[in-house]
Amino acid sequence: MNSTVQKNKTWPVIFGILGVIVMILPFFSGPYIQSIGRTVITYMILAISWDMLIRSGQLSFGLAGFFGLGSYAAVLSAVNLHFNPFISIVFAALVAGLIAFLVGAVVLRLRGMYFAITTLALGEIFRIIIHNWTSLTGGPNGKLLPKLAFDGASIPTYAMMVLFALIIIALSEYFKRSRIHYALTAIRDNEIVAKSSGINIYKYLLIAFTVTAAIQGAAGAGFAQLYGFVTPESSFNANYTLIPLAMTLLGGMYSTWGPVIGAVLLGVLGEFLKLYIPYGHLVVYGIIIILVLLFMPWGIVGMAGRLLKKGESHE
Amino acid sequence: MSKKLSALTMMLIVLFSSVFFLTSCKGKEEKPAEPIKFGGIWPLGDITGDQAAKAAQLVVDELNANGGLMGRPVELIVIDSELNPEKGAAAVERLATVEKVDFFVGGMSSGVHLGQIPALKKYKKVTMWTGAASSTAETAVGEGQDWYFHLHPWDYNQGNSYVEGWDDIAAKFSNISIDRWFLAYEEGPFGSASFAATQTLFSDMEIDGEAFQSAALGGGDYTAVLQRAKDYNPDVFIWAGYAADALPIMEQAKAVNFTPPLFIGAPPGWPSDFGDSALAENVTLYGMWAPSISKVSAVSKKFQDAYEAKYGETPATYFAPLGYTSIEIIAKAVEAAGSVETEAVIKALKAIQYESPLGETISFSPSNVISNQGFRNQKILQWQNGNQEVIWPFEFATAEPAYPFTR
Amino acid sequence: MNKKKIYTIAGISAALILSVILLIIRPTILVYGIQRAGIYAAIALPMALVLGIVHIVNLAHGEMMMVAAYLSYFICTTFGIDPLVAAIPTGIIMFFLGLIIFKTSIAHTLEAPELNQLILTFGVAMVLSQSVNLIATSQPRKISLDYVSASATIGDVSFGIYDFIFPVLAALFLAVLIYFLKKTRLGKAASAVGQNPRGARIVGINVDLTYTIIFSLASMIIGVFGSFFITKFSIFPAVGGTFTMKSFALVAMAGIGNLPMVIGASLVLGLAESLVMSVPHGAGWSPMIFFGLIIIVILSRSFRSKQ
């Protein structure tokens, strides 16, 4: 193991490649694996988008809110405006992004817990409005999509999700390399210093919040296009906030590959456990989350980075 | 050191999971298709799904003890839906392509079912569904799906049967008046569909309603809705929520001194200890099955005895006899058809007259959208001396209605 | 410190004015509002304590309450005692359960990135609720008690009076906690740790021990509340989940570290919700009040503090 560490300075890339391989494998297997794959990718996209914002230190609990908003935007636009699946996904991203932009203009002045709880409350408010606006949204019973993307065929829909994931991975990597990243990390490390050095904190936070919300909206739209329905309960489920967070922390924060690895591991593990422990698999799942956080507090990518630093002197 | 170890462990998990990917898709393909396979999908963490799956296994054991179906052993593979649409849909894919089952059974929760319908439509295997009352799910299944059999009544079926039931009861017992209704409904799809259905079906009567947040979804305070109901002064008060609401509603109704002449609860299941409370007395309820049905139905008694003998508990929800029905009805059709071919089984199912452990004998016929709907009726029961007694339909009645509700 | 007092006074007087208006329009709104507020405050106080001193968001908060409720339920059914008596053994057991949870898991992540505690406690929540699900099934349980239906009639209005036990309980929790934090040596040390852990360590306070004791104490309060919880509510494995979020929201609204304000925040929310629910067909919108108010309060405070 040590020799590998010494040969490769870029562990995250190895893990990333591994993750991509795991994403491609399902093409050569059956619909079941592809179905698991689609779910894993949905969570992966959410996890990456959450990580893109946390790089600035802003903790969002609003994932489920924008996810649900996006899925409703997709279904309602497809039903009422007859948008085709792809346009409806783009439309959903725009709606989520626009709302995030408007809301973000106000709430992005909050920090820490206060920002977190406000994003959570916003998500709940979206849900309550959609729940009660029966004439448009179908109320508690939700709405059906007349026609699924690719008629629900397994391989094309999986390909669509892989493409989606690759776009988001590329976007996240772009974010990491562009000046937005330096601005955001400067905010995270020391906001006052960042401010005094002339960085327009607010502008960059607003960009990051809008873009990540748009991604979350698009992920929700993708979900709606895959399963053909929306209901307030399932589209705004708190799992869409909590599971991606857990995945990111497991894989490692502040990177693109951390969320990718975390999503693949936890997603596959969940399904695997269920088949072998029909009763009580979620207990084991919870225990694994606890153990990983106790013994690998910086996630897999962070751990790899630390091993690397230990293996050789400073870069 | 331990950190390195755990990193190594995670590496192994990565490798292991990719191996799992490969084996699960390649390895099981050559499995011989000798037994007749049923694939079941229920939420095993929930009492409804848990008991439905157990009851389904009971039929399989009984069939195998009698030499199987057409000389072939019978196998049931149950996958947990986790009450999650994505997981429910993945379970359909797994059962169809990896386990290669012959029939799909299962079902509880309309939300999960909506996510499964596209996958079920892809395989068009004979599907016997025990859950999902929402007519949105019926629309999603759509017309002309001959392979789809739905046992659980749709929301409007239930509403219809209540109208019929109360008309019957009011005709037979002249002292019972049912002119003014108040419906307290939980704000989710279950409750609001009940309210919408009741409003249209009882349109010739005075009717009002109010939503509340069910304890199952974080609520549990009914004082506001009870206060509204009390001010309305109805002949009939119905609450449509979940089992967790049952006893607290009674307690809070007593606290605000609300005693309508008919106090009806319409949750999908009751807490098993509800009957122990003095407040349960004379509460009327809707349900598909209760242990008291075994007093008037031999089929129900046989089912209940077998279930109790095997699992050492009384079935607490009607999902247990529904789960039993889902397998046995297909098994009977397979026997009649002499084949497991989809076409032949569908034909046999359409012709079947099945004596169910829920009491009534059912056959399949079209409902509003789909071609094969099984049960349509709910029963009207009443808590009397800690037991659920049937008061309607009169053919299954185990007791006369106690009226008016007092405490 | 002065600022806090101003907020407290402002909050309380706003609640008082609202109360008087409500009392005139419809007295039951006030009664139910205060009862609701009591439940909110009683469950949010231990979270406020943990968040204010140990600085962790415990996502297993509601699940610990659920476990306490089950413990209490089984103590009651096994020994045939009343839940309100069972509150004492439940509280003691929960003190040690909190101790175990803290020592075996949370304590080891205090040095790690802040968020790790969040996901760690999410894992704990999952393990707790799913374990209870395995042991006790998802079937709801409720002990049938006569006294919870105790009723009072004023004029032509009848209402339940038992639920006033919750505001009393919340006030009791607050009084005990304030006394503890202000008057005892341990409590004073804990307050110091809450305000500045590094400074406290330098002064020679055993920070780790303080964290452990505070977390266990909060667990004990959760335990006592769990016993009261089963008198009014049915319990099932998922019952705790929503209380985590509600408590967190209330603490954020009150301001982290401000225990008395939790009562104020609860009163405002309880009364506002009660008001909306009394409007015909308003129940569907009552959760909106909860989240809307939270956002408004948090935002307005941030604006004020910027000025």
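The expected span of a helix is 1.5 Å times one less than its number of residues, where helices (H or I, at least four residues) and strands (E, at least two) are DSSP runs, numbered from the N terminus. The structure is a predicted model, in which local features need pLDDT of at least 70 and side-chain atom pairs count only at pLDDT 80 or more, while totals for chains, interfaces and linings use all residues. Residues are numbered from 1 along each chain as its sequence is written, and chains are lettered from A and ligands numbered from 1 in the order in which they are written.

**Exercise 1. Compare the span of helix H11 of chain A with the expected span, and decide whether the helix is enclosed or not.**

Step 1. Helix H11 of chain A covers residues 201-227, which is 27 residues, and from its first C-alpha to its last it reaches 39 Å, close to the 39 Å expected at 1.5 Å a residue.

Step 2. A residue is buried if 20 or more other C-beta atoms lie within 10 Å of its own, exposed if 12 or fewer, and partly exposed in between, with C-beta atoms placed from the backbone. Because 22 of the 27 residues of H11(A) are buried, the helix is largely enclosed by the rest of the structure.

Step 3. Just after H11(A) comes A:Gly228, which takes a positive phi of about 75 degrees.

**Exercise 2. Describe the surroundings of A:Ile89, beginning with the helix that holds this residue.**

Step 1. A:Ile89 sits in helix H5 of chain A, residues 85-107, and it is buried, since 27 other C-beta atoms lie within 10 Å.

Step 2. Two residues are in contact if their C-beta atoms, placed from the backbone, lie within 7 Å. Leaving aside residues up to four places away in sequence, A:Ile89 touches A:Ala74, A:Ala218, A:Ala221, A:Gly222 and A:Gln225.

Step 3. A:Phe223 is 134 residues from A:Ile89 along the chain, yet the C-alpha atoms of the two are separated by 9.7 Å.

**Exercise 3. Set out the overall form of chain A and then of chain B, using the radius of gyration of each.**

Step 1. The radius of gyration is taken over C-alpha atoms, and the globule rule is 2.2 Å times the number of residues to the power 0.38. For the 315 residues of chain A, a compact globule would have a radius near 20 Å, and the 20 Å of chain A agrees with this; for the 407 residues of chain B the rule gives a value near 22 Å, with which its 23 Å agrees.

Step 2. Chain A has 16 helices and 2 strands, and its C-alpha atoms fill a box of roughly 65 × 55 × 35 Å along the principal axes. Chain B has 12 helices and 15 strands, and its C-alpha trace spans about 70 × 65 × 40 Å along its principal axes.

Step 3. Buried residues make up 62% of chain A and 60% of chain B.

**Exercise 4. Work out which elements of chain A take part in its contact with chain C.**

Step 1. The contact takes 31 residues from chain A and 32 residues from chain C.

Step 2. On the side of chain A that touches chain C, the elements giving two or more residues are helix H6 (112-132), helix H13 (239-251) and helix H15 (281-295) of chain A, and H6(A) gives the most, with 10 residues.

**Exercise 5. Locate the residues of chain B with a positive phi although they are not glycine, including B:Asn233 and B:Asn385, and say whether they are buried or exposed.**

Step 1. B:Asn233 has a phi near 55 degrees and lies in the loop between helix H8 (223-232) and strand S8 (236-240) of chain B. B:Asn233 is exposed, with 11 other C-beta atoms within 10 Å.

Step 2. B:Asn385 has a phi of about 50 degrees and belongs to the loop between strand S14 (379-384) and S15 of chain B. With 10 C-beta neighbours inside 10 Å, B:Asn385 also counts as exposed.

**Exercise 6. Find where the cis peptide bond between B:Trp392 and B:Pro393 lies.**

Step 1. The bond that joins B:Trp392 and B:Pro393 is cis, with omega about 0 degrees.

Step 2. B:Pro393 lies in the segment after strand S15 (387-392) of chain B.
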